[in-house]
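Look at the model below before reading on. The text goes from the symmetry of the chains to the DNA, and then into a single chain.

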Protein chains: 2
Amino acid sequence: MASLKQVAERANVSIATVSRVLNNKDIVNPETRAKVENAIRDLNYLPNRVAQRLRSTSSKKKLIGVVLPDVQNPFYVDVIRGIEETAYRNQFVVMIGNFSQDEEKERLYLDIFQSEEVDGMIVAPAHGRDQNILKVLENNFAVVCIDRGLADVDVDVVKVDNEEGVFGAIEYLISLGHKRIAHITGMPQIPTTAERVKGFERAMKKHGIKIDPDLIRPSNSSYESGAELMAELLSLKKPPTAVFTANNLITLGALRTIHERGCKVPDDISIIGFDDMYWSMSLNPPLTAVRQSGYEIGKRAASMLLAGIFTPQRSKRQVVLPTELIVRKSCRRI
Amino acid sequence: MASLKQVAERANVSIATVSRVLNNKDIVNPETRAKVENAIRDLNYLPNRVAQRLRSTSSKKKLIGVVLPDVQNPFYVDVIRGIEETAYRNQFVVMIGNFSQDEEKERLYLDIFQSEEVDGMIVAPAHGRDQNILKVLENNFAVVCIDRGLADVDVDVVKVDNEEGVFGAIEYLISLGHKRIAHITGMPQIPTTAERVKGFERAMKKHGIKIDPDLIRPSNSSYESGAELMAELLSLKKPPTAVFTANNLITLGALRTIHERGCKVPDDISIIGFDDMYWSMSLNPPLTAVRQSGYEIGKRAASMLLAGIFTPQRSKRQVVLPTELIVRKSCRRI
DNA sequence: CTGAAAGCGCTTACAG
DNA sequence: CTGAAAGCGCTTACAG
């Protein structure tokens, strides 16, 4: 691969001049420019981003890092798409670190991205008091948190109104006549879980329905746990008439158990999932879901990060996007 | 963030010595080492990967690039998981470029990864004569292709026996008594599409069943096209009794149309999809599918790439993994 | 408008 | 066993 030096030699100019035409900052004599451009073309020259990054000052590295808990989760795939698209449009490249709910691995990716000199990072904190991310903040990297905030820290965040979203879903179920409503929650330590539980409790309370503790099942946010906990729920001597599943992996797991047992949705049990998927209508029956747009969250987070990169003194803000209840056919009136 | 120089100053040694303890290559006096290690700890020093990469010779950059056509496709998500896991275990970081079936974007990511001085790349070529990847090969980067090979080029590839996989699926359908079998194919220009079509044709021919051209529908490999083409198929005056969908996006799209129309699977129509998903059992009925393990492909490709990075003169090889027909409940005997 | 030179943070022969 | 120095490929004041 050709270097600046080789281009300079071929064009009979100094490397400084080549650099100038590349970055077209300072004024360059049109003839000189033409010579250089020819040399660049002839040699098929591509600037070395590593050298550029090492040399240049902040916000010109055109690189951001994304640290996520679980790429298996379709929600995060949407987030990635949103981030990647706006990054690409702004000529930024994104590095993705998938930490699989493992804080050690999260730390490693955070460290690597720092030593890769990224301009900034978008992260979904492992939990509300994520020390690893605090360190990154101390090192003055631009950071925006998604999905979850950080307790007592002034940081950019893009999230969704989880409590309200769940509240609406549960009220909908109640309006259909359901009283025995189960909730398979996400991992207890993630802030979103607490918010969703709160929405659930608030709706039940508002309508004077007592919550049966047997019907609240904390999962570890995985497909398998969704399947298992749904089985437990179905085996209860007084099973629920409806179930709210706190993320799409859990929903899918629960659905599997429901079908395996030969239960009918919505005749035997109604179900609402948090997180809509682009193929929710391919489920049978089509799933009623609380939609949060991962794509939108990714887009917003990326724009916010770029803003933070270009004007570091910019004050932090918190964007809370609304969710939307998409009523399809997985719930019935009883 | 602390630099080598600061560590050296604090430990009262030269930067060369610090570098030595970091890379623990040459022998270092234990006392000196201890001093340096303390300084590293005190300063919370993290080596700058950018500088390391610029300086070091090949295969020590610990960075690979992955260029994929569509992160929305669950198959590629599995591939990413497989790659990421083995990369992580070997202390490599992966950069992911999603080119969304856009060759211009593919070229851009390929260029960027080259100028990021990656040790190597894993790519799913846009098609069999992908010029962009040829250029990368010319520049002597280690490359392994997945899912699809490159015509007339000696390159590492990890793929699956598409023809055989489809052949088996169609024979299974035929054994159930189906004759009017539709095929919604992938994008015509991708090699896997041709292979899958071949498997289809071979099975039909072997059993002396004439192919009705009306039943072969080339899609653009997307969810939407799967839905649309399925609608066309269902509207035929003589609709198929079974449909084979050539990738999981198409399958999901087709399923959506089937359910929308109130058709019953498998009573009204049988369906087999290429690509299994971890939540195929959450579909109703559970989907019969040709499984190719994206995770396995990713793992193999990553190991192969690492091997190629460490011993560049190593001869290229082509790994063809078998597929597996997972019989569940979406097909019936007629 | 252009060039010579310093320097980003490292690694690695080369001396000692 | 350790240090001084060169150099990876760039960008950017500083002169001219």
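Helices (H or I, at least four residues) and strands (E, at least two) are DSSP runs, numbered from the N terminus. This is a predicted model, in which local features need pLDDT of at least 70 and side-chain atom pairs count only at pLDDT 80 or more, while totals for chains, interfaces and linings use all residues. Residues are numbered from 1 along each chain as its sequence is written, and chains are lettered from A and ligands numbered from 1 in the order in which they are written.

Start with the two protein chains. A turn of 180° with a shift of 0.0 Å along the axis lays chain B on chain A, at an RMSD of 0.1 Å. The two copies are therefore related as by a two-fold rotation axis. The superposition is by least squares on the C-alpha atoms of residues with pLDDT of at least 70 in both copies. Both copies use the same surface: 100% of the contact residues of chain B recur in chain A. Contact here means C-beta atoms, placed from the backbone, within 7 Å.

How many residues of chain B are in contact with chain A? There are 38, and they meet 38 residues of chain A. On the chain B side, α4, α5 (74-89), β2 (93-98), α6 (103-115) and α11 (248-260) each supply at least two residues. The most come from α4(B), which gives five. By class, this side of chain B has 21 nonpolar, nine polar and eight charged residues. Ala, Val, Leu, Ile, Met, Phe, Trp, Tyr, Cys and Pro count as nonpolar, Asp, Glu, Lys and Arg as charged, and the others, Gly among them, as polar.

Now turn to the DNA. A residue is near a strand if its C-beta atom, placed from the backbone, lies within 6 Å of it. Around DNA strand C there are 27 residues, and Ile27(A), Asn29(A), Thr32(A), Leu4(B) and Ser19(B) come nearest. Both chains take part: α2 (15-23) and α4 (49-55) of chain A, and α2 (15-23) and α4 (49-55) of chain B, each supply at least two residues. With six residues, α2(B) gives the most. The surface near DNA strand C divides into 12 nonpolar, 11 polar and four charged residues.

DNA strand D is surrounded by 27 residues, the closest being Leu4(A), Ser19(A), Ile27(B), Asn29(B) and Thr32(B). Here the largest share, six residues, comes from α2(A).

Next, go inside chain B. An open sheet of six strands runs in the order β7-β6-β8-β9-β10-β12, with mixed pairing. Strands pair if DSSP finds at least two bridges between them. At the edges stand β7 (216-218) and β12 (324-326) of chain B, each with a single partner strand, so one side of each has no neighbour in the sheet. The twist averages 15° from one strand to the next. Within the sheet, β9 (residues 270-274) and β10 (residues 288-291) of chain B pair in the parallel sense over three bridges. Ile272(B) has Thr288(B) of β10(B) as its bridge partner.

Two helices of chain B meet this part of the chain. Helix α9 (residues 191-206) lies across β6 (181-185), β8 (242-245) and β9 of chain B, at about 170° to β6(B). Helix α10 (residues 223-235) of chain B packs on the sheet and touches β6, β7 and β8, making about 155° with β6(B). Axes are lines fitted to C-alpha atoms, for helices over the stretch in contact, and angles run from 0 to 180 degrees between N-to-C directions.
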